[in-house]
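The following note is offered to a colleague who is meeting this structure for the first time. The points below should be read alongside the sequence and the model.

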Amino acid sequence: MNDGSRARLLLAQLARPIFGYAGIVDERIDFETVSRLADGGANVVLVGPIERIDPSVLPRRPDVHFTGAADASEVEAFAAGFDRTLEF
């Protein structure tokens with residue numbers, strides 16, 4: 001069982017605010033909005049597998065973080081550390 005340590009380790013390194021999304025990272029994600037949030041000084045964490053999109057469209061920058069797949073307890077740990085959650 002996952003104890004959420006990966007989430008705590010990542011989030012502890014990030015400046016606030018932290019915007020977060022949990023779910024499948026696919027064509028429904030508005031990456032322009034993600035980039036604008038990061039441009040405004042936020043960190044953005046996207047928790048979930050990348051599917052149905054070309055990874056080259058993902059914003060590659062130090063304030064946007066992709067975690068890959070996570071189990072339910074890990075998603076809960078990430079969500080607890082978000083200042084705001086994103087829905088797409």
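**Notes on the strands, one helix and an aromatic pair**

1. *Basis and starting point.* The model is a predicted one. A convenient place to begin is Tyr21, which is buried, because its relative accessibility is 9% and the cut-off for buried is under 20%.

2. *The aromatic pair.* One aromatic pair is found when the whole structure is searched. Its members are Tyr21 and Phe88: the ring centres lie 5.7 Å apart and the planes meet at 65 degrees, so the arrangement is edge-to-face, the criterion being an angle over 60 degrees. Tyr21 belongs to strand S1 (residues 18–22), while Phe88 lies in the segment after strand S4 (84–85); the two are 67 residues apart, and the pair thus links distant parts of the chain. Phe88 is partly exposed, with a relative accessible area of 35%.

3. *The setting of S1.* Strand S1 is largely enclosed by the rest of the structure, because four of its five residues are buried. S1 runs parallel to strand S2 (residues 43–47), to which five bridges join it. S1 also pairs with S4, again in the parallel sense, over two bridges. Phe19 has a counterpart in each of these strands: Val44 stands opposite in S2, and Arg84 stands opposite in S4.

4. *The crossover.* Between S1 and S2 the chain passes through helix H2 (residues 31–39), and the resulting β-α-β crossover is right-handed.

5. *The two sides of H2.* Which residues of H2 are buried? They are Phe31, Val34, Ser35 and Ala38. These residues lie on the same side of H2, because they cover an arc of only 95 degrees around the axis. An α-helix has 3.6 residues a turn, so residues three or four places apart point the same way. Glu32 and Asp39, on the other side of H2, are exposed. The cover over the buried residues of H2 includes S2 and strand S3 (64–68).

6. *The ends of H2.* The N-terminal end of H2 is capped by Asp30, with a side-chain oxygen 3.1 Å from the backbone nitrogen of Glu32. Glu32 therefore appears twice in this account, as an exposed residue and as the partner of the cap through its backbone nitrogen, the cut-off for a polar contact being 3.5 Å. After H2 comes Gly41, whose phi is positive, near 100 degrees.

Notes: Residues numbered from 1 in each chain as written. Predicted model: local features only at pLDDT ≥ 70, side-chain atom pairs only at ≥ 80, totals over all residues. Heavy atoms only, no water. Phe/Tyr/Trp six-rings, centres within 6.5 Å; stacked < 30°, edge-to-face > 60°. Buried < 20%, exposed > 50% of the residue type's maximum accessible area, 1.4 Å probe, protein only. Pairing = 2+ DSSP bridges. Right-handed = clockwise from strand over helix to strand, strands pointing away. Arc of directions from axis to C-beta. Contact = heavy atoms within 4.5 Å. Polar contact = N/O pair within 3.5 Å; in protein donor to acceptor, adjacent residues only side chain to side chain.
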